[in-house]
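Please find below a colleague's note on the structure shown here. The points are numbered for ease of reply.

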Amino acid sequence: MTDKNEKQKNWRMTLPEEWTVRHVGEDGAETEIPLRDHPALSKYATKDEAVKALVHAQRMLGKTPEGFVRVPGDQDSPEDLAAFYAALGRPEKADGYELPDMELPEGFALREDLVGGLREKAFELGLTPKQVAGLYQWFLPQVLDTHHAMQAEAGKLRESELESLRSVHRGDTPSLLDSALRAAEAVGGEELLAALDDTGAGNRAAVISAFAKIAPLVLESGLRGSARGWGEDLTIERLREMMQDPRYKDPTKREDSFVKKVNQGFELLYPGDYVPGSRI
């Protein structure tokens with residue numbers, strides 16, 4: 001081993017001492033050293049090996065090594081940038097991104113325009129399919145968690161508002177809710193009911209109380225007069241009781257006249273296309 005090291009050192013010692021190069025040492029300082037002392041030459045056993053390596057390096061100058069991708073600069077054209085993204089693996093079109101299938105809660109659907117926007121933005125930024133899939137798998141659960149949190153918060157608010165009504169009206173709370181619902185429907189129809197549901201305003205105690213207060217005014221002229229012809233006091237509680245009667249509930253004991261009376265009661269309380277039991 002000593003002889004081999006000596007031979008390697010000897011061929012380097014044949015290089016003229018005046019041949020010098022700049023070299024950065026371990027301390028980071030740059031100094032001028034003789035070429036024969038340069039550490040890069042120590043890996044070549046002979047001068048022939050060093051010369052062959054030099055010739056090979058010169059042949060590689062100006063060539064793009066396999067797998068090399070040049071990062072474009074501000075001065076490069078959009079075509080150069082597109083070529084760079086393509087080399088990294090970006091699909092040819094935005095719809096080339098395949099998003100992983102993920103289980104969604106019942107009743108929850110992703111808007112197609114948002115999913116399409118995600119693909120378009122990812123394509124603009126030059127993201128790879130793997131990057132987009134990873135972001136999607138991370139982001140969607142965040143959206144679902146936020147959705148569930150908002151639903152839970154809305155449920156708490158609804159229960160809190162309902163409890164405030166119970167504390168004031170106690171056993172009359174169901175009747176109050178029914179009056180408010182009928183008044184809102186009489187004033188604005190299904191469009192108003194949908195707006196109250198969508199905005200959450202229909203769950204607020206103040207809104208419910210307000211509609212309950214105007215119920216006698218908006219329902220007195222039409223519904224109450226018709227209700228007298230129904231034959232007895234018409235309330236949602238009475239209809240609930242009648243729907244549990246075997247003459248309505250049991251197909252084997254059902255009486256057409258009794259069923260008709262229940263349906264007429266719902267038509268009087270809720271004019272329009274109302275299905276008995278859908279809001280009970």
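**Notes on the predicted model**

1. Contacts across the sequence. In this predicted model, 56% of the contacts in the chain with a separation of 6 or more are between residues 24 or more positions apart. One pair that can be located on the display is I236 and F266, which are 30 residues apart in sequence and have their C-alpha atoms 8.2 Å apart in space. I236 belongs to helix α8 (residues 236-243) and is buried, at 3% relative accessibility.

2. Confidence. The average pLDDT of the chain is 82, and 83% of the residues reach at least 70. Among the parts of the chain, helix α4 (residues 112-125) has the highest confidence, at a mean of 95, and helix α1 (residues 2-13) the lowest, at 64. Two stretches call for separate mention. Residues 221-229 stay under 50 in pLDDT, and the model gives them 11 contacts beyond four places in sequence. Residues 275-280 are also below 50, with 16 contacts in the model beyond near neighbours in sequence.

3. Overall composition. The chain contains 10 helices and 2 strands. Read from the N terminus, the order of elements is α-β-β-α-α-α-α-α-α-α-α-α. Of its 280 residues, 25% count as buried. The exposed area of the chain is about 19,900 Å², of which carbon and sulfur atoms supply 53%.

4. Helix α5. This helix covers residues 129-169, 41 residues in total, and at 1.5 Å a residue it should span 60 Å; the C-alpha atoms at its ends are 59 Å apart, so the two values agree. Its buried residues are V132, A133, Y136, L140, L144, E161 and L165. Just after α5, R170 adopts a positive phi of about 50°.

5. A salt bridge from α5. Which residue forms a salt bridge with E161? The partner is R204, with the closest N and O atoms 3.5 Å apart. E161 is in helix α5, whereas R204 is in the loop between α6 (173-199) and α7 (205-228), so this pair ties together parts that are 43 residues apart in sequence. The two partners fall into separate accessibility classes: E161 is buried because its relative accessible area of 14% is under 20%, while R204, at 38%, counts as partly exposed.

6. Other salt bridges. The structure holds 11 salt bridges. Side chains of opposite charge can pair when their charged atoms come close. One of these bridges links D178 and R182, with 3.2 Å between the closest N and O atoms. D178 and R182 both lie in helix α6, 4 residues apart, or about one turn of the helix. D178 and R182 are both buried. Salt bridges with shared partners also join R22, E30 and E32 into one network. Within that network, E30 and R22 form a salt bridge whose closest N and O atoms are 3.4 Å apart. E30 is partly exposed, with a relative accessible area of 47%, and R22 is likewise partly exposed, at 48%.

7. Nonpolar cores. In soluble globular proteins, nonpolar side chains tend to be buried together. Here the largest nonpolar core has 13 residues, and those with the most contacts inside it are L165, L176, A180, A184, I208 and F211. Helices α6 and α7 each contribute at least two residues to this core. Aside from neighbours within four places in sequence, A180 is in contact with I208, F211 and A212. There is also a second, separate core of 12 residues, including V115, F123, L127 and L144. Of the residues named for the two cores, L165 and L144 are among the buried residues of α5.

8. The surroundings of R36. Is R36 buried or exposed? R36 is buried, because its relative accessible area of 14% is under 20%. This arginine is found in the loop between β2 (30-34) and α2 (47-60). Its contacts, leaving aside neighbours within four places in sequence, are with R12, M13, L15, E17 and L41. In weighing these contacts, the reader may recall that helix α1 (residues 2-13) is where confidence is lowest in the chain, at a mean of 64.

Terms used
Residues are numbered from 1 along each chain as its sequence is written. This is a predicted model: local features need pLDDT of at least 70, side-chain atom pairs count only at pLDDT 80 or more; totals for chains, interfaces and linings use all residues. Side-chain values use heavy atoms; hydrogens and water are left out. Buried means under 20% relative accessible area, exposed over 50%, partly exposed in between (1.4 Å probe, protein chains only). Contact means heavy atoms within 4.5 Å. pLDDT is the predictor's confidence in each residue, from 0 to 100. Accessible areas come from the Shrake-Rupley method with a 1.4 Å probe; for residues, only the protein chains shown count as cover. The expected span of a helix is 1.5 Å times one less than its number of residues. A salt bridge is a side-chain nitrogen of Lys or Arg within 4 Å of a carboxyl oxygen of Asp or Glu. A nonpolar core is a set of buried Ala, Val, Leu, Ile, Met, Phe, Trp, Tyr and Cys residues joined through side-chain atoms within 4.5 Å.
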